[in-house]
Amino acid sequence: QVRLVESGGGLVRPGGSLRLSCVASGFDFSNTAMSWYRQAPGNQRELVAQIATAGTIYADSVKGRFTASRDNEKNTVYLQMNNLKPEDTAVYYCKAQLIPSWGQGTQVTVSS
């Protein structure tokens with residue numbers, strides 16, 4: 001059974017930082033590309049970053065501020081978010097490529 005558990009969200013002021021984590025289980029993690037998505041109220045879910053074998057790609061809106069990484073020994077992916085902006089407010093999810101499962105997400109709120 002595929003399980004994705006996100007954590008690390010919270011309330012932060014503009015310019016602040018957060019580090020999200022996602023622990024995965026139930027599939028071949030080390031050979032699976034992983035992604036981070038986010039969904040703000042009233043918006044569609046959007047891709048934030050994808051960690052693949054060939055490298056990591058980022059949405060233009062987060063380039064230079066967010067860094068995605070993974071630890072295959074811990075079956076965990078991370079999203080380091082720096083210089084956060086109010087428009088980064090959303091529920092953040094991790095996703096395994098080609099696996100139609102989502103975790104519960106973690107709420108990130110950027111507000112003064």
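**Aromatic contacts and strand pairing**

A search of the whole structure, which is a predicted model, finds three aromatic pairs. In one of these, the ring centres of Tyr37 and Trp102 lie 5.2 Å apart with the planes at 80°, so the arrangement is edge-to-face. Tyr37 belongs to strand β4 (residues 34-39), whereas Trp102 is placed in the loop between β9 (90-96) and β10 (106-110); the pair therefore ties together parts that are 65 residues apart in sequence. Trp102 also forms an edge-to-face pair with Tyr93, with 5.9 Å from centre to centre and 80° between the planes. Through these ring pairs, Tyr37, Tyr93 and Trp102 are linked into a cluster.

The members of the cluster were further described by their accessibility. Tyr93, at 11% relative accessibility, counts as buried because the limit for that class is under 20%. Tyr37 has a relative accessibility of 22% and is classed as partly exposed; Trp102, with a relative accessible area of 39%, is likewise partly exposed.

Charged side chains also sit over aromatic rings. The charged end of Arg45 is positioned over the ring of Trp102, at 4.3 Å from the ring centre. Arg70 lies over the face of Phe29, with a distance of 4.5 Å to the centre of that ring.

The strand carrying Tyr37, β4, takes part in an open sheet of six strands with mixed pairing, in the order β2-β10-β9-β4-β5-β6. The edges are occupied by β2 (10-12) and β6 (55-58); each has a single partner strand, so one side of each is left without a neighbour in the sheet. From one strand to the next, the twist averages 20°. At the β2 edge, β2 and β10 pair in the parallel sense over three bridges, and Gly10 stands opposite Val108 in β10.

Further pairing involves strands β1, β3 and β8. Strand β3 (residues 18-25) pairs with strand β1 (residues 3-7) in the antiparallel sense over five bridges. Strand β3 also pairs with strand β8 (residues 76-81), again in the antiparallel sense, over six bridges. Cys22 of β3 appears in both pairings: Cys22 is the bridge partner of Glu6, and the bridge partner of Cys22 in β8 is Val77.

Technical notes
Residues are numbered from 1 along each chain as its sequence is written. This is a predicted model: local features need pLDDT of at least 70, side-chain atom pairs count only at pLDDT 80 or more; totals for chains, interfaces and linings use all residues. Side-chain values use heavy atoms; hydrogens and water are left out. Two strands pair if DSSP finds at least two bridges between them. Helices (H or I, at least four residues) and strands (E, at least two) are DSSP runs, numbered from the N terminus. Rings of Phe, Tyr and Trp (its six-membered ring) pair if their centres lie within 6.5 Å; planes under 30 degrees apart count as stacked, over 60 as edge-to-face and the rest as tilted. Buried means under 20% relative accessible area, exposed over 50%, partly exposed in between (1.4 Å probe, protein chains only). A charge sits over a ring if NZ of Lys or CZ of Arg is within 6 Å of the ring centre and within 35 degrees of the ring normal. Axes are lines fitted to C-alpha atoms, for helices over the stretch in contact, and angles run from 0 to 180 degrees between N-to-C directions.
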